[in-house]
Amino acid sequence: MSQKAERFVPQKRGGSLKQAYRSHKWLYLMIIPGVIYLLVFHYLPMGGLVMAFQDFSPYNGDTMLGAFFHSPFVGLAVFRKFFTGPDFIRILTNTLSISIASLIFYFPAPILLALLLNEIKNMAFKKAAQTMVYIPHFISMVIVAALTAQLFSTTDGLVYHWLTGIFGKSHAPDIMSNPKLFVSMIVGQNMWKETGYGTIIFLAALSGVDVQLYEAAEVDGANRWQKMWHITLPAIRSTIVIMLILKVGTILNTGYEQIFLMQNSMNRAVSDVFDTYIYTKGVVNGNYSLATAAGMFKSIVCMIMVLGANKLAKLFGESGFY
């Protein structure tokens with residue numbers, strides 16, 4: 001074997017961990033911050049789930065660990081209290097109302113916008129349009145809530161005055177205080193803020209579509225709608241399915257900050273969701289066991305939804321996550 005060919009002889013698999021570290025030392029060093037982040041913010045807090053099975057009180061011990069060890073175990077009593085309490089059905093209904101409405105109206109929005117942007121042939125206008133629809137993502141939710149309150153204020157709100165001119169003062173919808181419009185307001189805010197940024201992953205998938213397919217379809221006489229339906233959508237179908245599985249997995253996770261900012265005394269009956277309930281019971285009222293049980297229930301349901309959606313996707317012939 002020549003000296004040039006010897007360079008391409010593959011190395012034998014195996015070897016000690018020390019040898020692997022010497023070969024890829026900088027790669028191992030680069031993952032250390034990520035590993036520390038996962039341990040500190042994702043794995044260590046899981047030890048606090050024991051509070052869901054205790055009558056926990058931080059005053060049961062001299063230290064935090066002492067409080068865990070000296071708080072009595074009560075089994076599933078906290079979960080029974082949570083499921084049979086007067087708030088469970090209400091917060092479950094409110095959470096599902098927002099999540100299902102978001103799944104129906106918000107989830108398809110980035111897909112449709114990505115398809116429209118993909119059809120733009122003028123590259124300068126396309127880049128400008130993409131930049132404009134990305135900007136709302138970087139605006140703080142506090143600013144979005146303030147803008148919403150200002151635009152729909154019944155005293156000096158610009159949009160509210162437009163609505164009074166269209167529907168009349170007695171029939172103009174009061175977005176900020178009408179409980180029936182709370183879900184629409186939350187979904188509308190999400191669509192305005194995140195639709196443009198959500199197109200990034202779909203535009204990336206569209207960039208991998210073979211241009212020759214469009215050329216062949218054009219030779220066969222297909223118009224732009226037929227090419228979109230028979231070429232573009234099937235090409236990004238796997239991406240849509242994966243994003244749908246992720247969305248279904250967050251069906252009980254509506255987010256805390258947005259709901260809390262838009263909540264008021266007029267819409268509280270429909271705005272209390274699992275995230276605000278956990279904050280109120282745990283941080284405000286100090287009922288850590290009940291808040292932990294609610295959070296654990298939400299996490300278990302989300303995990304089951306992800307596994308179920310992935311299994312259903314595989315039954316329909318899609319790849320899923322695994």
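Good morning. I begin with one residue: Thr292, which, leaving aside neighbours within four places in sequence, is in contact with Gly48, Leu49, Met51 and Ala52. Thr292 lies in helix α19, and its relative accessibility of 13% means that it counts as buried. I should state at once that we are looking at a predicted model.

Let me now turn to the whole chain. The protein has 19 helices and zero strands. Its 322 residues would, as a compact globule, have a radius of gyration near 20 Å, but the protein has 26 Å. Taken along the principal axes, the C-alpha atoms fill a box of roughly 75 × 65 × 35 Å. Of the 322 residues, 35% count as buried. As for contacts between residues at least 6 apart in sequence, 64% of them join residues at least 24 apart.

I return to α19 by way of the nonpolar core. Which element gives the largest share of the largest nonpolar core? That core has 16 residues, and those touching the most other members are Phe82, Leu252, Phe274, Tyr277 and Phe297. Two or more residues come from each of α6 (77-84), α7 (88-106), α18 (274-284) and α19 (288-315). The largest share, six residues, is that of α19.

Tyr277 deserves a closer look. Not counting residues up to four places away in sequence, Tyr277 touches Phe82, Asp87, Ile91, Leu290 and Ala294. Phe82, one of these partners, is also among the core residues that touch the most other members.

From the core I follow α7 to its contact with α8. Helix α8 comprises residues 108-118, and the two helices pack at an angle of about 10°, with axes 6 Å apart. With an angle under 35 degrees as the criterion, α7 and α8 are therefore roughly parallel to each other. On the α7 side the contact is made by Leu103, Ile104, Phe105 and Tyr106, which meet Pro108, Ala109 and Pro110 in α8. By class, this contact has seven nonpolar residues, no polar residues and no charged residues.

Two residues of helix α12 come next. The first I will discuss is Thr195, placed in α12, residues 182-206. Thr195 has a relative accessible area of 10% and is therefore buried. Beyond four places in sequence, Thr195 touches Tyr106, Ala109, Pro110, Leu113 and Asn190. Of these partners, Tyr106, Ala109 and Pro110 also take part in the contact of α7 with α8.

Phe202 is likewise found in helix α12. Is Phe202 buried or exposed? At 3% relative accessibility, Phe202 counts as buried. With residues up to four places away in sequence set aside, Phe202 touches Pro110, Ile111, Ala114, Ile236, Thr239, Ile240 and Met243. Between the C-alpha atoms of Phe202 and Ala77, 125 residues apart along the chain, the separation is 46 Å.

My last residue is Met176, in the loop between α11 (158-167) and α12. What is the separation between the C-alpha atoms of Met176 and Asn264? These residues are 88 apart along the chain, and their C-alpha atoms are separated by 8.4 Å. Asn264 is one of the residues that Met176 touches; the others, outside four places in sequence, are Thr148, Ala149, Phe152, Met185, Met262 and Asn267. Met176 has a relative accessible area of 16%, and is therefore buried.

Thank you for your attention.

Methods: Residues are numbered from 1 along each chain as its sequence is written. This is a predicted model: local features need pLDDT of at least 70, side-chain atom pairs count only at pLDDT 80 or more; totals for chains, interfaces and linings use all residues. Side-chain values use heavy atoms; hydrogens and water are left out. A nonpolar core is a set of buried Ala, Val, Leu, Ile, Met, Phe, Trp, Tyr and Cys residues joined through side-chain atoms within 4.5 Å. Buried means under 20% relative accessible area, exposed over 50%, partly exposed in between (1.4 Å probe, protein chains only). Helices (H or I, at least four residues) and strands (E, at least two) are DSSP runs, numbered from the N terminus. Contact means heavy atoms within 4.5 Å. Axes are lines fitted to C-alpha atoms, for helices over the stretch in contact, and angles run from 0 to 180 degrees between N-to-C directions. Angles under 35 degrees count as roughly parallel, over 145 as roughly antiparallel, 65 to 115 as roughly perpendicular and the rest as oblique. Ala, Val, Leu, Ile, Met, Phe, Trp, Tyr, Cys and Pro count as nonpolar, Asp, Glu, Lys and Arg as charged, and the others, Gly among them, as polar. The radius of gyration is taken over C-alpha atoms; the globule rule is 2.2 Å times the number of residues to the power 0.38.
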